[in-house]
Structure formats: structure tokens, C-alpha cells
Amino acid sequence: MGCQSCAVGGCGSKAKTTDSGGAEVATKTAGCSSGGCSSGGCNKLNSFDWLSDMSPIAGPAYGVVEVKFKGGRKEYYRNVHNLDLTTGDFVVCEMTSGYHLGAVSMQGDLVRLQLKRKHVQINDDTKAIHRLATARDLEKHQQAVLRDLPSLYRAREIVRELKLHMKLSDVEFQSDNTKATFYYSSEERVDFRELIKMLAGEFKVRVEMRQISLRQEAGRIGGIGSCGRELCCSTWLTDFKNITTSAARYQNLSLNPAKLSGQCGRLKCCLNYELDTYVDALRDIPTVEKPLETQKGRAFLQKTDIFRKIMWFGYSSESTWHPLPIKRVIEIVALNKQGVIPESFDVLTPVGEKEVVPLAALNADLTQLDKKYAIRGGGGSGNKKKKKR
């Protein structure tokens, strides 16, 4: 969640300021629960209501509201009391037991479209919004947020004492301080019954352990990717699709796990962003299953410039790569299938099929010169003009 100064809602942490006389004059944001606004938490999974300036559709407003909580978690609640809500308002939401404080992130027809896209069914069992948050609610929520970080450190110490193979990544206390949700990741099944007893006794609250994937863990913690921007999973990405190494092969990327893996240790989600474009462009690229055969030697495919339609080949005896257009590569592959070996990449005529020039044609110039001088010499001195006396 962001801070109260954000237009999209925040974590509710605020500090009071007073003047020289001791009277309260204003409030200011005390910072996000993750340590400050500079951490990027205020922009986590923000959404912009593009329909806010449009006139409402005839009929009653859509009665479901999207509410955002800590870590970018979003849920949908019914506005059963027909509250006049604005994006960014803090509301008290119904929970399984007790209540929790969240910020309105989206409302109106956009929520209806989101529910349709995510296949979420709204019925009478859907939780409702109780009321707008008061100053007392915000104060209690701030106290709950301040418990998150110390509780996380203490819980990690307990996990180490019990020698459990799990990683605690985050903790979220409910606004009424009656429940705490611990988010963890693990590659194996963990028996944390003893852990729940110790945590409940330590913090005097009901404890819920929720396992999340490594991608979800990276989204909750946040960070900066190798591109220099905030992680997609912590800013806008909500659906994690399956990513395979074939996506890197299609894009001619080096199969280096250190470069292809994100902060979660899995393949980067951005490998799928341009995959469809590469697949469409690869339809015109021929498949070279073996080296090209030329009189100079066997040429191996080194790399392919997919969008420029150029393939680079190199001989094993040379370090130089030769660029060939796709059309030329197709011609050489066709000749090799026929058992024909061209002379080079530029000259496709085989050596054995070169045009044979007749010997008479090579000596034609010499024959003409012989005839010319034979005519001049055959006349003798009779052809010379007589000198005048």
C-alpha cells in the first residue's frame, strides 16, 4: 500500500504535527510500512480510472468496489450501504472475523469488467464494506502496521529455532489487531503446527500461514530489475503465466540462467512480452538443420538477425562470419539437397558444371593477327609505290 498522500490510497500511517503552543495543526505521512516512500511501495499495482470523468450510465451505479490492501493485494466488496466513495478513500471492510482497513482502488463499470475478465462471481456471500474509515480507525490501523516488521524478525528467529525449511517473506496484521497473516515460501511440505502455537503465544493473535510462490514473494517485497525499472510483478503484473526456455530460444537469447532469471530465481516474465512478434517473424526464416556445403568448406550457422532477415555463417577454419540473405540461404540449401556443392556463397555455379570455352575461341585473336600480317607480307615489294624521278 502507499501512503495517505497518494491519490490511490495508502497504508494509513501518519504522524501528527503541532505548533509551538502544542495544538495539532496538520498531519503528514509517516512513511510506508516497508520503510519509506522511496521504496516504491506507493506505486504498487496502481490502477487509473479512465472512466472517472465520464457521465454516469443511466441507472444505479455498480454496487461492487475494488479495495487494495498491503502488498498490492486486491479484493472485491459489495457497497451494500450505497456509500458515496471516491478512489483513494479508506474504508472498513468485512473479514472472516473482525474487520480490516483498505483503500478504494477502483469502482464503477471498470470493476464489472474486471470481474468478468477474472471470472469472479458476486453473490450474497461476498463480503461487504461497513463504513468509511474514521480517525480512530486510521490510528488503530497505523498501530497494526507498525507491528509488521518487528513481528517478522521475531517470527524468523522462531523458524530458525524450530529448524523449519521455510522462508518467511512478509506479515500482515489485521487492522483490529486480532489476526496476523504470515506469508512464506517453501519447496517442500512444512509441518508448522508447533510454529503456529509459538507465534500465537508470542503475539497474542490468531495466526494464519499462507504459502505463496516465489513470483508472488518478489511482487510483495518489490525491487529493481536488470532493466533499471521496478519489478513488473510489484507494479502492474497480476497474472503469472508459464515461461519456458523455448521463449529465449525463439528470441536468440543466450541460455545463461544468470541473465534469464529474475529476482525470484525463475525465468523473467518479460520473456513473454515480445514472443508473439518473434514467432511471426520466424515464419520466413528457413530451418538450417546442418552446415552449408561449399567448395571452400562447411559453413556453420552462427546467428540470425530475425527482423533484418539475415543469417550469419562461418567456416570452421576462419573466424570471419559471412552475412547471407534468406533467399540465398534457401538456394544453397536446395542445391545441397540435390547433391550439388556451389563454389562459394556468391557463386552458386558448381565447379564441375562451369561453361567450357572451346580452344578455338581462345586462339581467335591470334588467328586474326596471323592473317593480318600474312596479307601484308605476301605482297612483296611489288606493292610499293615507285619513286618519282
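A cavity is a set of grid points where a 1.4 Å probe fits but cannot get out. In the predicted model described here, one cavity of 30 Å³ or more is present, and the largest cavity holds about 50 Å³ of space. Ten residues line the largest cavity. Among them, Lys 70, His 100, His 141, Val 145 and Glu 172 lie nearest its centre. By residue type, the lining of the largest cavity consists of five nonpolar, two polar and three charged residues. Three elements, β6 (99–107), α2 (135–146) and β8, each give two or more residues to this lining. The greatest contribution to the lining comes from α2, with three residues.

The protein chain as a whole contains twelve helices and 14 strands. It has 389 residues, of which 36% count as buried. Contacts between residues at least 6 apart in sequence were also examined. Of these contacts, 58% join residues at least 24 apart.

The nonpolar residues were considered next. In soluble globular proteins, nonpolar side chains tend to be buried together. The largest nonpolar core of this model has 20 residues. The members that touch the most other members are Met 166, Leu 168, Phe 173, Phe 182, Leu 195, Leu 199 and Met 209. At least two residues of this core come from each of α3 (148–162), β8 (167–173), β9 (179–185), α4 (193–203) and β10 (206–211). With four residues, α3 gives the most to the core. The surroundings of one core member, Met 209, can be listed in full once its neighbours within four places in sequence are left aside. Met 209 is then in contact with Met 166, Leu 168, Phe 182, Tyr 184, Phe 192, Leu 195, Ile 196 and Leu 199. A second core, separate from the largest, has 14 residues. Ile 285, Tyr 315, Val 329 and Ile 332 are included in this second core.

Two buried loop residues were examined individually. Arg 73 is located in the loop between β3 (64–68) and β4 (74–78). Its relative accessible area is 18%, and because buried means under 20%, Arg 73 counts as buried. The side chains of Arg 73 and Glu 75 are joined by a polar contact of 2.6 Å. When neighbours within four places in sequence are left aside, the residues in contact with Arg 73 are Val 67, Lys 68, His 100, Glu 172, Tyr 183 and Arg 210. Two of these contacts, His 100 and Glu 172, are also named among the residues nearest the centre of the largest cavity. The other buried residue, Thr 126, is placed in the loop between α1 (109–118) and β7 (129–132). Thr 126 is buried because its relative accessibility is 12%. Not counting residues up to four places away in sequence, Thr 126 touches Tyr 76, Arg 78 and Gln 121.

Backbone angles were then considered. Most residues other than glycine have a negative phi. His 119 has a positive phi, near 60°, and is a residue other than glycine. His 119 is found in the loop between α1 and β7. With a relative accessible area of 68%, His 119 is exposed. Asn 177, which is not a glycine, likewise has a positive phi of about 60°. This residue lies in the loop between β8 and β9. Asn 177 counts as partly exposed, at 22% relative accessibility.

Two pairs of residues separated in sequence were also compared in space. Glu 139 and Ser 175 are 36 residues apart in sequence, and their C-alpha atoms are 9.4 Å apart. Glu 139 belongs to helix α2 and is partly exposed, at 33% relative accessibility. In the other pair, Thr 86 and Gln 107 are 21 residues apart in sequence, with 8.2 Å from C-alpha to C-alpha. Thr 86 sits in the loop between β4 and β5 (90–94). Its relative accessibility is 45%, so Thr 86 counts as partly exposed. Not counting residues up to four places away in sequence, Thr 86 touches Val 104 and Gln 107.

Note on methods. Residues numbered from 1 in each chain as written. Predicted model: local features only at pLDDT ≥ 70, side-chain atom pairs only at ≥ 80, totals over all residues. Heavy atoms only, no water. Core = buried A, V, L, I, M, F, W, Y, C linked by side-chain atoms within 4.5 Å. Buried < 20%, exposed > 50% of the residue type's maximum accessible area, 1.4 Å probe, protein only. Contact = heavy atoms within 4.5 Å. 1 Å grid on protein atoms, 1.4 Å probe; cavity = no way out; pocket = protein on both sides within 12 Å on 5 of 7 lines; lining within 4 Å. Points joined across faces, edges and corners; volume = space filled by probe spheres on them. Nonpolar A, V, L, I, M, F, W, Y, C, P; charged D, E, K, R; others polar. Polar contact = N/O pair within 3.5 Å; in protein donor to acceptor, adjacent residues only side chain to side chain.
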